[in-house]
Amino acid sequence: MNVGLIDVDGHSNFPNLPLMKLSAWHKKRGDTVRWYNPICDSFPRPPFDRVYMSKVFTFTPDFPYYINAKEVIKGGTGYSYPDGGKPLDPEIEHIYPDYSLYGITDTAYGFLTRGCPRNCDFCIVGKKEGLKSRKVADLSEFWNGQKNIMLCDPNLIACPDWKDLIQQLIKSKAKVNINQGIDIRIMTEEKAKMIKRLRVDSVHFAWDRYEDKEIIIPKFKQFKEITEWGARKTSVYVLTNFNTTIEQDLERIYTLRDLDYDPYVMIYEKEKTRNDDPVRYLQRWVNNRKIFKTIRRFEDYDPKMG
Ligand code: SF4
């Protein structure tokens, strides 16, 4: 078969994992696989036997060109929100990804777990992957000695197998980035000690719900005491514009700074906010590290500064 691939979101920031797996599976069957090029591959060239289109983000515009193929298969949350459509066959889902598709040599990408019990209103993970964090792979399924590991797990430490999985990451000696963050609310002394043994530049947490403060503050304190990691190594996403006031946003930001964490403001549905919306000012103040360090209070921040 001649197989074409389209990464509808574009190739720039993050490789498309399902496409890398589809590529690996087809190549293993002896098929020819390459990126679909709307200019060179159009009629009168012979059509591809099959073209896969993958789209992760709902806000990405669809591929605007004619597709010269006998069969076109579309997949991803960008096409079927929120469930992502038909999952890959297990044989494809669990194959070692074809990193060469993106020219990636030093980083492995994948999921050790799927699902999350939290079911936050602003997040699709529970609807898409289920309300339980469960192990779906061992590290060797997508890692083969690369220097870096990019983990996309939604809630790794909620999985009953967290210890075995973190042990695998420690044993790899690779630099690990848990890019979806770690759920600080279920942190324990044992988990913090294991996480401390990981090779990481930094770890990310989130404090999305203001009302979690009674649980979350002692957990943040405990994690600091155990790891002794400074703010540069521990950042915390602070969700704004969802169901909190600016006062509650500020309280979380100041608390985190006092606890020696690095707050990072996220704006829910940012595209619907105006440039002069207070949360936009808040985001510019906090996320600009230099300004946030120099100007200690939000009321002293002049938005014209940047
Ligand atoms: S804890 Fe994170 S992954 Fe889980 S539902 Fe909430 S936002 Fe989504």
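## A tour of the ligand shell, cavities and pocket

Start at the ligand and select the residues around it: Cys116, Arg118, Asn119, Cys120, Phe122, Cys123, Pro154 and Arg185. Keep in mind that this is a predicted model. Colour the selection by class, and the shell around the ligand shows five nonpolar, one polar and two charged residues.

**Next stop: enclosed space**

Rolling a probe the size of a water molecule over the atoms shows where empty space is left. How many cavities of 30 Å³ or more does a search of the whole structure find? The search finds two.

Go to the largest cavity, which holds about 70 Å³ of space. Select Lys21, Glu93, Phe111, Glu141 and Phe142, the residues nearest its centre among the 14 that line it. Then show helix H1 (17-28) and strand E5 (107-110), each of which gives at least two residues to the lining of the largest cavity. By class, this lining has eight nonpolar, two polar and four charged residues.

Move on to the second largest cavity, with a volume of about 30 Å³. Which residues line the second largest cavity? Select Leu156, Ile157, Ile166, Ile178, Ile182, Ile195 and Leu198 to see them. The lining of this cavity has seven nonpolar residues, with no polar and no charged ones.

**Next stop: two helices**

Show helix H4 (residues 162-172) and helix H5 (residues 189-196) as ribbons. The axes of H4 and H5 come within 9 Å and cross at roughly 15 degrees. Angles under 35 degrees count as roughly parallel, so H4 and H5 are roughly parallel to each other. Turn the view until one helix lies in front of the other: H4 passes H5 in a left-handed crossing.

**Last stop: an open pocket**

Finish at the second largest pocket, where about 240 Å³ of space lies. Select its lining: Ala231, Arg232, Arg257, Asp260, Tyr261, Asp262, Pro263, Arg289, Lys290, Phe292, Lys293 and Arg296. Strand E12 (262-267) and helix H9 (289-294) are the elements that supply two or more residues to this lining. Which element gives the largest share of the lining of the second largest pocket? H9 does, with four residues. Colour the lining by class once more: four residues are nonpolar, none is polar and eight are charged.

Note on methods:
Residues are numbered from 1 along each chain as its sequence is written. This is a predicted model: local features need pLDDT of at least 70, side-chain atom pairs count only at pLDDT 80 or more; totals for chains, interfaces and linings use all residues. Side-chain values use heavy atoms; hydrogens and water are left out. A residue is near a molecule or strand if one of its heavy atoms lies within 4 Å of it. Ala, Val, Leu, Ile, Met, Phe, Trp, Tyr, Cys and Pro count as nonpolar, Asp, Glu, Lys and Arg as charged, and the others, Gly among them, as polar. On a 1 Å grid over the protein atoms alone, a cavity is a set of points where a 1.4 Å probe fits but cannot get out, and a pocket is an open set with protein on both sides within 12 Å along at least five of seven lines; lining residues have an atom within 4 Å of a point. Grid points are joined across faces, edges and corners, and a volume is the space filled by probe spheres set on the points. Axes are lines fitted to C-alpha atoms, for helices over the stretch in contact, and angles run from 0 to 180 degrees between N-to-C directions. Angles under 35 degrees count as roughly parallel, over 145 as roughly antiparallel, 65 to 115 as roughly perpendicular and the rest as oblique. A crossing is left-handed if the near helix is turned anticlockwise from the far one by less than a right angle, and right-handed if clockwise.
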